[in-house]
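Look at the model below and find its small sheet. The paragraphs that follow go through that sheet one strand at a time.

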Amino acid sequence: MTHPSFQFTHALCRLPSKSVTDGLRAQDQGDPDPLAFAAEHAAYISALRDAGCAVTVLPADENFPDSVFIEDPALVLNGTAIVLRPGAETRLGEAAALRPALVENMNNVVDLQTAGYVDGGDILCTDDRVLLGLSARTSEQGAADLRPLVEALGYTLHVLQTPPDILHFKTESSLLDESTVLATPALAASGAFYGMTVIETAAGEDAAANAIRVNDFVFLSAGYPNTAKRLEDAGYTSKILNTSQAALVDGGLSCMSLRYSL
Ligand code: CIR
């Protein structure tokens, strides 16, 4: 049985720009260092390749400081890319900038036509469901207009709430397998994952929740040993990756690739 939600043949990434120093962030803890970011990103791409993905790496786009976070302007389901409408003003143009690469690399491309907004970071997919968290970046109008596109691709859409003050739904959650998620205790308690098994991040390790399952591996950020132990105890094989530069601009593991199969 194949699992389109975590078994991938391909991934699409974009190199971090030097302008990533201007990336959006909720709290300023200093700018990321572009060279250190590039090294972190290169290790991430190697990990995707080691996990079995053919990775296409797009050039940096200096016009968009946050464009390394390629997951936000698009959603890929069954080889079809949906061009989204990112909710931050400085990121809105990323969708059009990414579109040609989606046309080149995906089986099909459709556009979310909406006056609202949807960020890919608010979307967690299982094999047949799309869980979408409303947030400061994802609006009810965007969700309503996304619904027919998702349903046409054979998925059901479930509109939920991203916790207040949290950037994205997947800042606090990630899929581990077809029926299991890793989530912060706060998001787990919200009932968003009804019917699924939830492994909670360990105390003080909320940021570990932005992980990704890629084929046989769970990519987990470095620095969260107690959550790593929980995953190991549950039978998952983790690849630990440094995300300290991405974290300075509120990014993590899920946002730096679009993962898909053709
Ligand atoms: C932003 O605020 O949009 C970027 N600095 C971080 C985006 C992270 N993306 C994600 O969690 N999907």
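In this predicted model, strand E9 is largely enclosed by the rest of the structure, because 5 of its 5 residues are buried. A residue is called buried here when its relative accessible area is under 20%. E9 covers residues 173–177.

Strand E9 belongs to an open sheet of 3 strands, arranged in the order E9-E10-E11. Strands of a sheet pair through backbone hydrogen bonds, either parallel or antiparallel. In this sheet the pairing is mixed. The edge strands are E9 and E11, the latter spanning 197–200, and each of them pairs on one side only. From one strand to the next, the twist averages 30°.

Next comes the pairing of E9 with its neighbour. Strand E10 consists of residues 180–183, and it pairs with E9 in the antiparallel sense over 4 bridges. Two positions can be followed by eye: Ser174 has Leu182 in E10 as its bridge partner, and Leu175 stands opposite Val181 in E10. E9 and E10 together form a hairpin, with 2 residues between the strands.

What packs on the sheet? Helix H5, made of residues 225–233, does so, and it touches E9, E10 and E11. The direction of H5 makes about 145° with that of E11. E9, the strand with 5 of 5 residues buried, is thus an edge strand of the sheet that has E10 as its hairpin partner and is touched by helix H5.

Methods: Residues are numbered from 1 along each chain as its sequence is written. This is a predicted model: local features need pLDDT of at least 70, side-chain atom pairs count only at pLDDT 80 or more; totals for chains, interfaces and linings use all residues. Side-chain values use heavy atoms; hydrogens and water are left out. Two strands pair if DSSP finds at least two bridges between them. Axes are lines fitted to C-alpha atoms, for helices over the stretch in contact, and angles run from 0 to 180 degrees between N-to-C directions. Contact means heavy atoms within 4.5 Å. Buried means under 20% relative accessible area, exposed over 50%, partly exposed in between (1.4 Å probe, protein chains only).
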